[in-house]
Structure formats: structure tokens, C-alpha cells
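Load the model in the viewer and keep the sequence panel open. The stops below are given as selections, each with a note of what is found there.

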Amino acid sequence: MARHIYVHNPFCARKCPYCDFYSVVGSPCIEEFYKAAVRETELIAAAIDEAAGTNPDTDPDGKDTIYFGGGTPSLPDSRLITMLLGSVRKNLNISSDSEITIEVNPSSVTSEKLQDYLEAGFNRISIGVQSLDDGVLKTLGRLHDSKGAEEAIRLISEAGFTNISADLITGVPGETLDGIKKDIDTFRELGVKHISTYSLSVEEGTPFFERYGNNIEDIIPQEKEREMYHGTREHLESLGYETYEISNSSLPGYKSIHNLSYWNSCEYLAIGAGAHGFIGDLRYGHADDVNLYVREMQTLTAQDYGRFLKGSKQDLMSLYVEEVLSEEDKMREVPFLRLRTSEGILLDEFRKRFGVEFEDVFEQAVKTNISKGLLERKERTLRLTRSGLDLANVVMEDFL
């Protein structure tokens with residue numbers, strides 16, 4: 001049974017003005033954090049019930065995955081990163097053919113770090129480029145310029161990584177569709193196999209929210225944003241990238257197995273302050289507090305961790321219960337997750353997992369959205385139409 005692990009590195013050199021993920025700048029306890037994270041892998045190994053692993057029926061790829069996200073995982077000394085990866089692989093019995101990803105930023109990745117990552121077992125790199133337009137990068141508050149981003153991708157390739165993913169943000173003030181297409185062309189030339197394109201969102205509590213307010217149309221009209229979204233997808237597909245999820249496209253054989261595990265409702269363990277996980281009926285999180293995390297991992301017992309993961313509903317200091325899911329909750333999550341994918345909802349898989357027909361459970365929502373032209377039935381699947389993609393959140397809400 002495949003196992004999926006998300007590791008959150010909460011450290012950054014500078015906070016981007018649009019980012020609402022948990023991160024800290026200038027922390028003096030980076031090494032203590034990584035030692036605490038190693039301790040957490042040991043606690044998990046001692047605590048988890050091997051019989052409660054990922055349901056293979058929802059995990060068609062069947063590969064273990066580890067994903068180091070952030071924050072900026074390429075900021076800390078590579079010694080700390082590789083130490084933690086070694087602990088995760090050893091303590092959680094990760095298979096030798098697993099997909100192991102680390103996010104890097106152009107401003108902090110080096111040839112030496114990349115060589116250390118490769119030797120430790122990382123086989124996939126996700127680089128946060130966001131744009132190759134220096135004006136757009138300045139607006140986004142990034143530490144690198146376009147030249148630095150391109151050089152970083154070359155370093156990754158020269159180090160021996162072939163599975164390279166790059167991020168782009170669309171809908172940034174001053175950005176154009178032609179500029180995005182040019183960025184994608186450059187990625188293709190540099191050997192990038194996977195491209196994630198995220199529409200800019202303005203989140204409360206960020207400098208962008210203070211600058212622009214909560215109305216995204218103050219930045220870019222919805223019509224223009226949708227034109228940019230569809231134009232980007234069409235250009236990606238013209239270059240051979242299959243858009244397999246609303247924001248993700250890849251060349252054949254390079255889909256993100258880790259991300260697919262989320263959209264397939266698979267279980268995943270979480271390590272680190274700010275990380276979130278899902279096991280059994282439990283969705284849980286780690287508090288956004290590095291110091292609290294370090295203190296708790298020094299004193300927490302495997303028995304306490306085990307009781308927590310098995311749904312005791314009792315919060316610890318840095319670990320808390322987000323939600324305990326009922327069977328109905330799990331059914332309602334399927335359209336929320338699967339409608340993000342190009343395949344859509346697999347009706348036979350739903351029936352096999354829950355013992356009922358999807359269209360019996362959600363009859364009205366299906367009929368309404370098909371009649372509006374937002375959903376389409378193709379053989380034994382239900383998926384968003386082109387119009388449905390523009391109103392994806394509205395469609396998903398009908399199933400909640």
C-alpha cells in the first residue's frame with residue numbers, strides 16, 4: 001500500500017507579499033526544527049497502525065511519495081534536509097522507487113545543494129519561478145530575476161535531475177498572455193517536464209490584501225483572467241503538455257504522483273510546523289509555531305501520538321484535530337477533489353469505494369450542473385466542461 005508524506009519547511013529568506021502559507025524569516029532555530037522533525041518521524045513510525053495505510057483502491061499509481069514543501073526548503077543547509085529525508089525513508093519504510101520532491105527557489109539553490117539532494121534520494125525538483133518577466137517578479141516581491149531563474153533550471157538539469165517542475169503565477173498586474181506563453185516556451189527549451197500555473201489570489205493577512213483589497217477584479221478583470229487561463233492551457237497543450245488538473249500540466253509520464261494522491265483522497269502523513277495530514281477519518285494539522293513544535297517533539301510520547309492519529313479527538317500542544325470525517329463527509333469530498341482533474345469523477349471507483357452510485361447520492365447537483373452546461377457525462381465519468389472550469393468553485397459548492 002502506497003504511503004504519502006508531506007514535510008513542511010517553514011523557513012524563508014523573505015516573505016512574498018502574496019503568500020499566506022506559514023513561514024518565518026530569520027529564525028534562529030532551524031537546526032533544532034530539523035532535529036525535532038527527525039524525532040517526529042520516529043514517533044510516527046512507532047505510533048501508526050500498519051493496517052491503516054492508504055487505501056490502494058484510491059491510489060492507482062501505487063507509489064510512495066515524499067514532498068518537501070514550504071516555505072523555502074532550499075534555504076536551510078542541505079545537511080539538515082538530507083538528514084530528515086534519510087530519517088523519513090528509513091523510519092517510514094519508503095520504497096526505493098518512490099517519487100521524492102523538493103521545492104527550491106532560484107535565489108537559494110546551488111550546485112552543491114542539488115548534488116546533496118540527488119545523492120540523498122530526491123528525484124523530482126519543483127522550482128518556484130513564478131515569472132520570467134523582471135517587472136512581474138518585482139511586483140511579486142521575488143528575490144531572483146529572470147536570468148537567475150533560467151540559470152537555476154540549468155543547474156538543476158546539469159546536476160542530473162530529469163523530472164523538473166516549474167511554477168508560474170498568472171493574473172499579476174502588468175502581465176500579459178504573450179508574456180506567459182514566452183515563459184512556457186523557455187521552460188520547454190530548458191527541459192522542464194511539468195508546469196504549474198496558478199491564478200493570483202489575494203489572501204487576507206498578506207501585504208497584497210492591504211494593497212489591493214479582497215476584490216481580485218481590482219487587479220485583473222475576470223474576463224481577462226479567464227482569457228489568460230484558457231490561452232495558457234491551449235498553449236501548453238500545443239507544446240505537448242497535458243493539463244491533467246486545473247492548475248497542473250505535464251509532458252507524458254511526468255504527472256505529480258504526490259499531488260494526484262490528494263485528488264484521489266489518499267491518506268498522507270504530515271511532518272513539521274504548519275503541515276497538514278489525513279489518516280483514517282482524521283484531518284489534522286500542526287500549529288503555525290516553530291518554537292512550540294520543537295518543544296512538543298522533545299517531550300511527546302509515541303503513545304500520545306498514536307492515540308491522536310487514531311482519532312482520540314484530543315488536541316496536543318502543536319497537533320490539533322481539524323475534522324473527523326464521516327462516510328458522508330468523505331463522499332462529499334470526492335467531487336470537491338476529483339472535479340479539479342481532467343478525468344473528473346470516476347463513477348465506477350466511487351461505487352466500488354462507497355457501495356452506492358454517485359448519481360444517486362448527488363442526483364440534484366448532477367442534473368442541475370449538466371443542464372447549465374457546467375458538467376458533462378462521458379462514459380462512466382463526470383467532469384467539468386470548458387464553461388464549468390470558469391465556475392469550478394460554484395459547481396463544487398453544489399456538492400457540499
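Start with the open sheet of 9 strands, whose order is β9-β10-β8-β7-β6-β5-β4-β1-β11 and whose pairing is mixed. Helices (H or I, at least four residues) and strands (E, at least two) are DSSP runs, numbered from the N terminus, and two strands pair if DSSP finds at least two bridges between them. Select β9 (242-245) and β11 (269-271): these are the edge strands, each with a single partner, so one side of each has no neighbour in the sheet. From one strand to the next the twist averages 20°. Axes here are lines fitted to C-alpha atoms, for helices over the stretch in contact, and angles run from 0 to 180 degrees between N-to-C directions.

The model is a predicted one: local features need pLDDT of at least 70 and side-chain atom pairs count only at pLDDT 80 or more, while totals for chains, interfaces and linings use all residues. Residues are numbered from 1 along each chain as its sequence is written, and side-chain values use heavy atoms, with hydrogens and water left out.

Within this sheet, select residues 65-70 and 99-104. These are β4 and β5, which run parallel and are joined by 4 bridges. Thr65 stands opposite Glu99 in β5. Next add residues 146-159, helix α5, which lies across β5, β6 and β7 (164-170) and runs at about 175° to β6.

Move to Asp133, in the loop between β6 (124-130) and α4 (134-140). Is Asp133 buried, partly exposed or exposed? Its relative accessibility is 37%, so Asp133 counts as partly exposed; buried means under 20% relative accessible area, exposed over 50%, and partly exposed in between (1.4 Å probe, protein chains only). Draw a distance from Asp133 to Asp183: their C-alpha atoms are 8.0 Å apart, with their positions 50 residues apart along the chain.

Gly274 is the next selection, in the loop between β11 and β12. Gly274 is buried, at a relative accessible area of 10%. Which residues does Gly274 contact, leaving aside its neighbours within four places in sequence? They are His8, Tyr22, His286, Ala287 and Asp288, where contact means heavy atoms within 4.5 Å. For Asp288, the C-alpha to C-alpha distance from Gly274 is 4.7 Å, at 14 residues apart in sequence.

Continue to the hairpin made by β12 (276-279) and β13 (282-286), an antiparallel pair with 4 bridges. Phe278 faces Arg283 in β13, standing opposite it. The hairpin has 2 residues between its strands, and Gly280 takes a positive phi near 65°.

Now select the open sheet of 3 strands, in the order β15-β17-β16 with antiparallel pairing. β15 and β16 (375-378) are at the edges with a single partner strand each, so one side of each lacks a neighbour in the sheet. β15 and β17 are joined by 2 bridges, and Ile345 stands opposite Leu382 in β17. Helix α15 (residues 363-371) packs on this sheet, touching β16 and β17, and its direction makes about 105° with that of β16.

Stay on α15 and show side chains. Ala365, Val366 and Asn369 are its buried residues. These cover an arc of only 100° around the axis, which puts them on the same side of α15; the arc is that of the directions from the helix axis to the C-beta atoms. Their cover includes α14, β16, β17 and α17 (392-397). On the face turned away from the buried side, look for the exposed residues Gln364 and Ser371. Gly373 follows α15 and has a positive phi, near 80°.

The last stop is α13, residues 347-354, where Leu347, Phe350 and Phe354 are buried. Seen down the axis of α13, they fall within an arc of 60°, so they line one face of the helix. They pack against α12 (327-338), β15 (345-346), α14 (358-361) and β17 (381-384).

Add α12 to the selection: its axis and that of α13 come within 12 Å and cross at roughly 170°. The two helices are therefore roughly antiparallel, a term for angles over 145 degrees. Glu327, Lys330, Met331 and Val334 in α12 meet Phe350, Arg353 and Phe354 in α13. By class, this contact has 4 nonpolar, no polar and 3 charged residues; Ala, Val, Leu, Ile, Met, Phe, Trp, Tyr, Cys and Pro count as nonpolar, Asp, Glu, Lys and Arg as charged, and the others, Gly among them, as polar. End at Gly355, just after α13, which takes a positive phi of about 80°.

How values were computed
Angles under 35 degrees count as roughly parallel, over 145 as roughly antiparallel, 65 to 115 as roughly perpendicular and the rest as oblique.
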